[in-house]
Amino acid sequence: MANGQYGVDLDAMDQVIKELNHVLKEMGTSKSTAENSTYLAKGALGEGFREQGELYGAHEKMKGDISSLIQLVEGLVDTFGKKTSKVRGAYQDAEADNSIGMR
């Protein structure tokens, strides 16, 4: 902007917050799927073979790793969304203060 002024597009910030909330919702579905729908039934691949315990153990470990990664990303997205919302509120308050001061 001219004269060293700045501008913030509050509508764009609203859109970012909306999209981050949508990502969080979708990640909840992914986490639930990873934890509850990734199931390897005992005996599904046969029984009594030497690597059986190792295979099922690896499957459980991978489920845990995926769940942990999703939880980490959820935390980052949630933190970013909350900070964006807080900044958006501060800019809105500043705009309101400026318009009152111009009257």
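Lys82 is exposed, with a relative accessibility of 55%, where exposed denotes over 50% relative accessible area, buried under 20%, and partly exposed the range in between (1.4 Å probe, protein chains only). The model that holds this residue is predicted: local features need pLDDT of at least 70, side-chain atom pairs count only at pLDDT 80 or more, and totals for chains, interfaces and linings use all residues. Residues are numbered from 1 along each chain as its sequence is written, and side-chain values use heavy atoms, with hydrogens and water left out.

The side chain of Lys82 meets that of Asp78 in a salt bridge with an N to O distance of 3.1 Å; the term denotes a side-chain nitrogen of Lys or Arg within 4 Å of a carboxyl oxygen of Asp or Glu. Asp78, at 28% relative accessibility, counts as partly exposed. Both residues belong to helix α2, where they stand four residues apart, about one turn of the helix. Helices here are DSSP runs (H or I, at least four residues), as strands are (E, at least two), numbered from the N terminus. An α-helix has 3.6 residues a turn, so residues three or four places apart point the same way.

A second pair in α2 is formed by Asp65 and Lys61, whose closest N and O atoms are 2.8 Å apart in a salt bridge. Because Asp65 and Lys61 are four residues apart in helix α2, about one helical turn separates them. Asp65 is partly exposed at a relative accessible area of 32%, and Lys61 is exposed at 53%. Side chains of opposite charge can pair when their charged atoms come close. The salt-bridge count comes to four, and another of these pairs joins Glu51 and Arg50, with 3.1 Å from N to O. Glu51 is partly exposed at 37% relative accessibility, whereas Arg50 is exposed at 76%.

The helices themselves come next. Helix α1 covers residues 10–37, and its 28 residues reach 40 Å from the first C-alpha to the last, close to the 40 Å expected at 1.5 Å a residue. The expected span is 1.5 Å times one less than the number of residues in the helix. Helix α2, residues 52–101, has 50 residues that should span 74 Å, and its end C-alpha atoms are indeed 74 Å apart. At the N-terminal end of α1, Asp9 acts as a cap, with a side-chain oxygen 3.1 Å from the backbone nitrogen of Asp11. Such a polar contact is a pair of N or O atoms within 3.5 Å; within protein, one must be able to donate a hydrogen and the other to accept it, and residues adjacent in sequence count only if both atoms are side-chain atoms.

What do the buried residues of α2 pack against? They pack against α1, and the cover over the buried residues of α1 in turn includes α2. On the α1 side, the buried residues are Leu10, Met13, Ile17, Leu20, Met27, Lys31 and Ala34. On the α2 side, the buried residues include Tyr56, His59, Ile70, Val77 and Thr84. Thr84 is buried at 10% relative accessibility. Leaving aside residues up to four places away in sequence, Thr84 touches Met13, Val16, Ile17 and Leu20, contact meaning heavy atoms within 4.5 Å. A polar atom of the Thr84 side chain also lies 2.7 Å from the backbone oxygen of Phe80.

Between α1 and α2 runs a loop that contains Leu40. Leu40 is partly exposed, with a relative accessible area of 22%, and touches Leu45, Tyr56 and His59, again not counting residues up to four places away in sequence. Ser68 lies in helix α2 and is partly exposed at 45% relative accessibility. From C-alpha to C-alpha, Leu40 and Ser68 are 19 Å apart in space and 28 residues apart in sequence. Ser68 and Tyr56, 12 residues apart along the chain, have C-alpha atoms separated by 18 Å.

The surface of α2 also carries nonpolar side chains. Leu69, found in this helix, is exposed at a relative accessible area of 54%. Together with Leu72 and Leu76, Leu69 makes a nonpolar surface patch of about 330 Å². Patches are made of residues with over 30% relative accessible area and no salt bridge, like charges being joined within 9 Å and nonpolar side chains (Val, Leu, Ile, Met, Phe, Trp, Tyr) within 5 Å. Accessible areas come from the Shrake-Rupley method with a 1.4 Å probe; for residues, only the protein chains shown count as cover.
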